[in-house]
Amino acid sequence: MNIKTYALLIILLCGNLSILAQSNGGDGPFSQLIIRGVTLINGNGAPPMGPVDIEVINNRIKSIKVVGYPGVAIKDSDRPQLKEGGKELNCEGMYLLPGFVDMHGHIGGKAQGAEPDYVFKLWMAHGITTVREPSGRGVDFTLDLKRKSAKNEIVAPRILAYTGFGQGSDATISTPEMAREWVRNNAKKGADGIKLFGAPPEIMTAALDENKKLGLRSACHHAQLNVARWNVLHSARAGLTSMEHWYGLPEALFEDRTVQDYPLDYNYNNEQDRFEEAGKLWKQAAKPYSDHWNKVMDELISLDFTLDPTFNIYEASRDLQRARRAEWHEDYTLPSLWDFYQPSKISHGSYWHYWGTEQEVAWKENYKLWMTFVNEYKNRGGRVTTGSDSGFIFQLYGFAYIREMELLREAGFHPLEIIRSATLNGAEALGMDDQIGTVTVGKLADFVIVAENPLENLKVLYGTGAIKLTEDNTVVRVGGVKYTIKDGIIYDAKALLKEVKQMVDAEKKRLNYQIKQPGIPE
Ligand SMILES: [Zn+2]
């Protein structure tokens with residue numbers, strides 16, 4: 001019996017409609033929802049402000065009302081009144097942020113054995129209410145989930161489908177005409193954009209031009225195979241709207257070479273080669289604040305080009321042990337996903353054939369130069385978004401998104417700049433800032449509510465919370481998102497996480513499986 005039938009049966013037995021709302025894991029939407037007494041951290045860079053009452057009618061923010069002052073009792077007379085059929089959520093002392101936008105979220109994958117329900121719940125448990133999928137299992141698969149999510153038939157963030165360029169085509173796209181036709185078809189199907197991995201210049205030019213004409217947006221992972229002839233600057237000039245990761249950026253910054261300093265026995269299909277040499281790439285680029293570095297940065301900003309760095313997905317490169325011993329693996333990582341992460345000549349991103357101190361130190365240096373660029377890009381007015389790319393390299397859905405925020409902090413972002421990057425900047429990059437991205441009257445009701453102040457410690461956003469020692473010397477966990485609200489529907493974030501743990505427990509029981517560290521004999 002599947003869950004839906006089971007839920008239906010319970011409803012029939014109990015005749016209780018409130019269970020119906022529970023069956024999708026959420027509560028609502030309501031004709032009126034009042035979130036009371038919360039401190040608002042908006043996505044526009046504004047400092048925290050509270051207490052406020054936020055009134056939502058169905059799925060639209062109706063009013064945001066300051067109802068008092070810190071430390072002073074709230075006067076009831078000043079507050080929005082609850083109407084019949086309405087719902088109140090008392091959030092006094094808590095913090096409310098706009099729903100998070102994950103700009104790089106693959107909805108699981110067959111190789112990882114990660115099904116959408118598992119991935120979606122991990123995302124929603126971490127306040128992610130919008131996800132851009134930069135290529136996945138195919139446009140039809142993603143669009144089906146997108147429709148279900150839009151109707152809130154499933155527990156899932158709102159989804160934007162950026163189809164992998166060429167996906168679904170029988171032949172390799174080898175001419176500009178073929179590229180244009182594929183792009184037109186993709187738009188006709190209802191996709192929101194395209195995700196490219198690099199291609200010959202004439203194909204990139206045609207695809208980006210056609211896509212732009214149709215009013216769609218685009219993302220590109222500039223794979224090393226095409227980057228010598230076409231780097232991010234070429235893409236930005238041709239109309240690409242966002243770059244993923246960082247490849248193609250050092251190449252745009254080259255001054256004394258035109259290709260990466262590859263060892264002569266390098267093989268791109270050997271991922272130890274690929275990732276180890278990538279760790280030496282930033283130092284081959286122009287130095288921070290040099291003329292060339294400045295010129296490239298300023299041109300990208302003038303083209304309104306978005307950087308989606310996905311810092312977290314490379315973190316195992318500089319600290320493998322940290323990534324593989326992350327405390328959430330035990331409870332929330334599926335056996336199939338854990339297997340997929342193990343060193344392998346086959347699985348993508350499992351490149352530690354022999355990963356040691358030398359590789360990690362090189363990557364630490366790589367990060368410094370990369371982060372310097374990203375932070376200064378933000379300082380000069382460039383748009384930087386928050387994206388995770390989970391499901392690879394020990395990075396787990398939801399958790400990795402919070403780690404991405406921490407890495408933006410390390411890059412030099414003020415916590416308020418991070419929240420803006422995770423909300424308004426994402427919304428802008430998707431062309432949805434009139435609907436989501438800030439808590440503004442008229443926008444959709446997508447919120448994250450957490451008991452602790454996330455600006456003070458971003459770790460409170462992790463599902464596992466932050467470690468804290470109390471006044472009486474007791475170790476406790478604080479935080480973890482309390483409510484994720486999407487489309488005016490309230491989800492108990494901790495309950496979602498519990499469901500994920502149950503899925504993982506069941507799978508471990510079925511397989512008699514235990515998470516073990518790589519290569520240790522039985
Ligand atoms: Zn990706």
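# A guided tour from the parallel sheet to the zinc site

Begin by selecting strand β11 (residues 217-220) together with strand β12 (residues 242-244), which pair in the parallel sense over two bridges. This is a predicted model, and everything pointed out along the way should be read with that in mind. Within this pair of strands, pick out alanine 219, which has serine 242 of β12 standing opposite.

Now widen the selection to the sheet as a whole, an open sheet of eight strands in the order β7-β8-β9-β10-β11-β12-β13-β14, with parallel pairing. At its edges you will find β7 and β14, each of which has a single partner strand, so that one side of each is left without a neighbour in the sheet.

Return to β12 and step into the loop between β12 and α8 (249-252), where histidine 245 lies. Is histidine 245 buried or exposed? At a relative accessibility of 5%, histidine 245 counts as buried, because the cut-off for buried is under 20% relative accessible area. Showing side chains here brings up a polar contact of 2.7 Å between the side chain of histidine 245 and the side chain of threonine 310.

## The zinc ion

Next, centre the view on the zinc ion and display its protein donors, which are His104 through NE2, His106 through NE2 and Asp389 through OD, at 2.1 to 2.4 Å from the ion. Along the sequence, these donor residues follow the spacing H-x1-H-x282-D. Histidine 104 belongs to the loop between β7 (100-102) and α3 (116-125), whereas aspartate 389 belongs to the loop between β14 (383-384) and α16 (399-411), so the pair ties together parts that lie 285 residues apart in sequence. If you colour the donors by accessibility, histidine 104 appears as buried, with a relative accessible area of 1%, and aspartate 389 also counts as buried, at 7% relative accessibility.

## The second largest pocket

Keep His106 selected and turn to the second largest pocket, whose volume is about 540 Å³. Which residues of its lining are closest to the centre of this pocket? Of the 31 residues that line the pocket, those closest to its centre are His106, Ser135, Phe197, His348 and Phe392, so one of the zinc donors, His106, is part of the lining you are looking at, as the cut-off of an atom within 4 Å of a point requires. Selecting helix α9 (residues 271-278) shows the element that gives the most to the lining of this pocket, with three residues. Colouring the lining by residue class gives 11 nonpolar, 13 polar and seven charged residues.

## The cavities

From the open pocket, move on to the enclosed spaces: a search of the whole structure finds three cavities of 30 Å³ or more. The largest cavity has a volume of about 80 Å³, and to see its walls you should select His221, Ala223, Gln224, Tyr247, Gln260, Tyr266, Tyr268, Arg274, Phe275, Ala278 and Leu281. By class, this lining consists of seven nonpolar, three polar and one charged residues.

The second largest cavity holds about 50 Å³ of space, and the residues to select around it are Pro98, Gly99, Thr129, Thr130, Ile436, Gly437, Thr438, Leu444 and Asp446. Its lining divides into three nonpolar, five polar and one charged residues.

## The strands β2, β3, β4, β6 and β15

For the last stop, select strand β6 (residues 95-98) and strand β2 (residues 30-40), which run parallel and are joined by two bridges. In this pairing, threonine 39 stands opposite tyrosine 95 of β6. Strand β6 also pairs with strand β15 (residues 447-450), here in the antiparallel sense and over four bridges, and leucine 97 can be found opposite valine 448 of β15.

Going back to β2, add strand β3 (residues 49-58), which runs antiparallel to β2 and is joined to it by six bridges; here the bridge partner of leucine 33 is valine 56 in β3. Finally, add strand β4 (residues 60-66), which pairs with β3 in the antiparallel sense over six bridges, with isoleucine 64 of β4 as the bridge partner of isoleucine 54. The turn between them is worth a last look, since a hairpin joins β3 to β4 through one residue. In a regular strand the side chains alternate between the two faces of the sheet, a pattern to keep in mind while rotating the view.

Technical notes
Residues numbered from 1 in each chain as written. Predicted model: local features only at pLDDT ≥ 70, side-chain atom pairs only at ≥ 80, totals over all residues. Heavy atoms only, no water. Donors = N, O, S within 2.8 Å, 3.2 Å for Na, K, Ca; no water. Buried < 20%, exposed > 50% of the residue type's maximum accessible area, 1.4 Å probe, protein only. 1 Å grid on protein atoms, 1.4 Å probe; cavity = no way out; pocket = protein on both sides within 12 Å on 5 of 7 lines; lining within 4 Å. Points joined across faces, edges and corners; volume = space filled by probe spheres on them. Nonpolar A, V, L, I, M, F, W, Y, C, P; charged D, E, K, R; others polar. Pairing = 2+ DSSP bridges. Polar contact = N/O pair within 3.5 Å; in protein donor to acceptor, adjacent residues only side chain to side chain.
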